[in-house]
Amino acid sequence: MQAEEKLTYETWPASPERSTLEAKNKFLGFWLFLGGETVLFASLFATYLALKDKVPDSSHHLAKDIFELPLTLTATMLLLTSSLTSVYAMYHMKNFAFKKMMVWLSITVLLGLGFLGLEIYEFNHYVHEFHHTFTSSAFASAFYSLVGFHGAHVTFGLGWILALMFRNYKRGLNLYNAPKFYVASLYWHFIDVVWVFIFTVVYLMGMVG
Amino acid sequence: MSTYAQKKGFGATIWDYLTTVDHKKIAILYLMAGGLFFIMGGLEAVFIRIQLAVPNNDFVSAGAFNEIITMHGTTMIFLAAMPLLFAFMNAVMPLQIGARDVAFPFVNALGFWLFFFGGIFLNLSWFLGGAPDAGWTSYASLAVHSKGHGIDFYVLGLQISGLGTLIGGINFLVTIINMRAPGMTYMRMPLFTWTTFVASAMILFAFPPLTVGLTLMMFDRLFGANFFEVAMGGNTIIWEHLFWIFGHPEVYILILPAFGIFSEIFSTFSRKRLFGYSSMVFATVLIGFLGFMVWAHHMFTTGLGPVANAIFAVATMAIGVPTGIKIFNWLFTMWGGSVKFTTPMYYAFAFIPSFVMGGVTGVMVATAAADYQYHDTYFVVAHFHYVIVGGVVLALLAGTHYWWPKMFGTMLNETLGKITFWLFFIGFHLTFFIQHFLGLWGMPRRVFTYLPGQGLNAGNLISSIGAAFMSVAVLILLFNIIMTQVKNVKVGNDPWEDGRTLEWSIPSPPPFYNFKQLPLVRGLDAYWLEKMAGKKGLTPAEPIGDIHMPNSSFIPFMISLGLFIAAFGAMYHVDDKPWALPVLIIGLVITFGSMLVRSVKDDHGFHIHKEELVQEEKGAKA
């Protein structure tokens with residue numbers, strides 16, 4: 001199959017993300033890239049665990065003092081839901097339903113923006129309430145690096161999905177852009193999986209001390 | 001009319017190389033840039049040996065010496081050995097599996113330009129206030145408070161070039177998994193392709209820890225973070241772990257492709273199938289796996305405790321087993337073969353005893369208890385130069401002679417090649433053999449001078465004389481290259497006459513689409529099989545048809561240039577320079593803007609039409 005071909009609902013392949021050689025390469029290459037990203041976050045997690053609650057003196061707040069469940073749980077729910085809505089988007093992509101895919105992608109982006117807003121509020125809150133800044137202690141540096149790296153990934157993912165939506169708004173789906181939507185959604189899932197670990201290791205384990 | 005045969009002006013050629021996505025041209029770029037950095041690293045080595053030739057020498061100051069040893073190690077590993085191996089991987093691997101290009105030609109170009117700009121950035125430190133001076137390992141306890149911007153150059157330069165290596169690794173993996181010609185099963189892949197495959201997988205998992213380590217160091221030095229600031233709760237051992245979780249796999253990333261090059265050379269010039277092919281593949285994969293389990297043997301004296309030391313010592317010694325399998329397989333490949341002593345074969349032959357010596361001292365330093373004596377002495381310096389020079393550099397020199405005709409269509413002079421070999425081989429052992437003893441006699445590594453009357457004079461002088469031999473060898477190689485290119489005597493498909501693998505079945509250099517028709521592979525050593533069956537070349541696996549090719553692009557250059565500019569902004573930001581922040585932002589805008597352009601602009605590539613291919617064939621025959 002050729003990437004430029006005009007396709008209809010009837011001729012649309014079952015796995016459009018893997019139906020040309022370019023698409024297959026992209027699909028596999030992106031999975032491998034996510035493998036590398038996993039090691040990247042693993043290194044950041046290891047650093048965080050080694051430096052958790054490592055502060056210069058007792059005037060600094062520790063993990064159990066600053067984290068609050070309602071805020072992070074809300075953020076978690078937003079991001080988890082956005083992962084689900086991106087699955088719906090890909091479901092419609094596979095069924096050649098471009099409009100429906102765009103609707104679900106828009107919802108995904110809105111949820112992602114909500115998550116990002118909460119994270120910005122959260123960081124701001126820590127800085128002003130607890131003087132927990134990037135430079136205040138090794139613990140704080142490690143916390144902001146790990147969670148901030150994730151936040152940067154969310155930001156990049158939002159920009160990426162939005163760029164794809166605007167670029168293809170008028171022309172609909174074809175075998176050239178379908179793999180692009182697909183790997184962007186893979187990226188979004190990956191961000192979500194990393195967050196599950198951050199929620200557990202940083203926030204839940206942090207709150208119990 | 002093919003663009004391939006057209007004569008081009010100088011400017012057009014430059015533009016062609018700036019925008020190329022052709023793996024063969026990218027290979028030439030890697031070879032030239034890697035060669036340039038190899039010479040710079042070599043000059044630094046010469047300065048080290050001049051300074052240490054006699055006691056109490058003042059050829060360079062102590063501070064400058066620290067910068068020179070740091071840059072020698074960093075340049076040789078990241079900017080010379082890696083890119084030179086990438087040159088051969090790019091030039092040969094796609095041909096060996098019968099592919100028309102790599103999986104991501106655009107990413108391939110991006111990988112090169114990232115490496116190149118990272119390397120240039122790192123080396124600009126010499127002119128902008130001083131080079132990094134905390135050793136190539138740049139331990140945080142030294143590096144965090146190093147004055148000036150040297151360490152910042154190290155951190156940012158390696159970050160940029162490391163990204164290039166990482167995406168290069170992903171590209172090779174996908175190429176080998178998805179783009180093999182019909183019949184090219186995994187267990188028919190040439191050993192060089194196999195080692196490229198395993199080394200690429202190691203790159204994928206080893207480089208992210210370095211990325212994180214460098215990021216933490218950057219945050220500490222440039223943005224006031226406290227990862228390595230002990231008074232603020234930080235811990236410098238984190239750097240040691242992250243660095244070596246990358247650093248140890250890195251040495252296998254270097255040596256495995258070197259093993260691959262030698263495997264090709266041994267079987268070609270013994271005119272015999274590689275002995276124990278499947279055990280070679282198994283040993284390669286096993287080394288790749290074990291390579292990740294041994295990083296803490298660099299940290300025996302850090303104080304991790306006897307249990308950790310014992311586990312890592314045993315794991316390290318275990319790597320000797322698959323390596324031993326390989327050594328014996330090479331010996332048995334030559335056994336009973338009809339051995340032809342060409343220049344590449346000289347290097348391959350010399351590699352075995354040289355590398356085994358490095359392996360033996362490797363087991364010695366792996367013995368944790370004994371390592372307390374060897375640690376940070378010249379014994380360790382001798383050990384790792386025996387494996388890296390005796391393994392990787394000999395492989396690079398061998399590969400240069402072996403694949404030069406395939407890359408450039410001309411044959412390097414054999415006599416000059418053999419002179420290069422003898423000078424380099426003698427110089428290498430002269431330089432490094434005595435360093436084992438210097439270490440055992442108590443000479444610490446990284447000292448800028450020593451006192452007379454300690455029994456170190458003669459040994460150091462011998463070592464420095466050896467370095468002169470190696471320098472002359474490299475000069476003769478350069479002379480050989482220039483002479484060969486000036487004479488420009490073109491050679492045919494299979495200039496060694498004993499080529500076994502697919503790259504020798506097509507013209508030298510290959511046309512830009514590599515294979516007019518994808519070949520049908522019928523076994524290991526596919527080309528050799530067909531020759532033995534009395535055929536001229538491989539059976540095509542497809543009729544002549546349109547060939548899909550990627551478009552050239554200037555975007556990889558721009559993405560890399562943006563990061564290069566941004567790095568200056570990030571670095572001078574700490575000096576409160578008013579222009580630093582705008583420069584940082586401009587650089588990042590260039591990078592991300594170029595990425596956005598790449599994303600929204602459709603790039604379908606182009607087709608070479610069947611008629612052109614047929615016409616070209618007729619033209620060639622007429």
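How many residues does the contact take from chain A, and how many from chain B? Here are my notes; keep in mind that this is a predicted model.

1. Let's start with that question. Chain A puts 31 residues into the contact, and chain B puts in 33. On the side of chain A that touches chain B, the elements giving two or more residues are helix 1 and helix 5 (138–168) of chain A. Helix 1 of chain A supplies the largest share of that side, with 15 residues.

2. What sort of residues are these? Sorted by class, the side of chain A that touches chain B has 17 nonpolar, 10 polar and 4 charged residues.

3. Now look at one helix pair that spans the two chains. Two packed helices are described by the angle between their axes and the distance between the axes. Helix 1 (residues 21–51) of chain A packs against helix 7 (residues 191–223) of chain B at an angle of about 40 degrees, and their axes are 8 Å apart. Angles from 35 up to 65 degrees fall in the oblique range, and these two helices are therefore oblique to each other. Their crossing is right-handed.

4. If you want to find this pair's contact on screen, pick out A:Gly35, A:Gly36 and A:Val39, which are among the residues that helix 1 of chain A brings. Facing them, helix 7 of chain B brings residues including B:Phe205, B:Pro208 and B:Pro209. The residues of this contact split into 10 nonpolar, 5 polar and no charged.

5. Next, a pair that sits inside chain B. Helix 8 (residues 237–270) and helix 13 (residues 378–408) of chain B pack at an angle of about 45 degrees, with 9 Å between their axes. These two helices are therefore oblique to each other as well, but their crossing is left-handed.

6. Who meets whom here? Among the residues from helix 8 of chain B are B:Ala258, B:Ile261 and B:Phe262, while helix 13 of chain B offers residues including B:Gly391, B:Ala395 and B:Ala398. By class, this contact has 12 nonpolar, 2 polar and no charged residues.

7. Keep your eye on B:Phe262, one of the helix 8 residues in that contact. The largest nonpolar core has 244 residues, and B:Phe262, B:Ala398 and B:Ala567 are those with the most contacts inside it. Which residues does B:Phe262 touch, leaving aside its neighbours within four places in sequence? They are B:Trp330, B:Ala348, B:Phe351, B:Ala395 and B:Ala398.

Conventions: Residues numbered from 1 in each chain as written. Chains lettered and ligands numbered in written order. Predicted model: local features only at pLDDT ≥ 70, side-chain atom pairs only at ≥ 80, totals over all residues. Axes fitted to C-alpha atoms, helices over the stretch in contact; angles between N-to-C directions. Helix = DSSP H or I, 4+ residues; strand = E, 2+ residues; numbered from the N terminus. Parallel < 35°, antiparallel > 145°, perpendicular 65-115°, else oblique. Left-handed = near helix turned anticlockwise from the far one by under 90°. Contact = placed C-beta atoms within 7 Å. Nonpolar A, V, L, I, M, F, W, Y, C, P; charged D, E, K, R; others polar. Core = buried A, V, L, I, M, F, W, Y, C linked by C-beta atoms within 7 Å. Buried ≥ 20, exposed ≤ 12 C-beta atoms within 10 Å, placed from the backbone.
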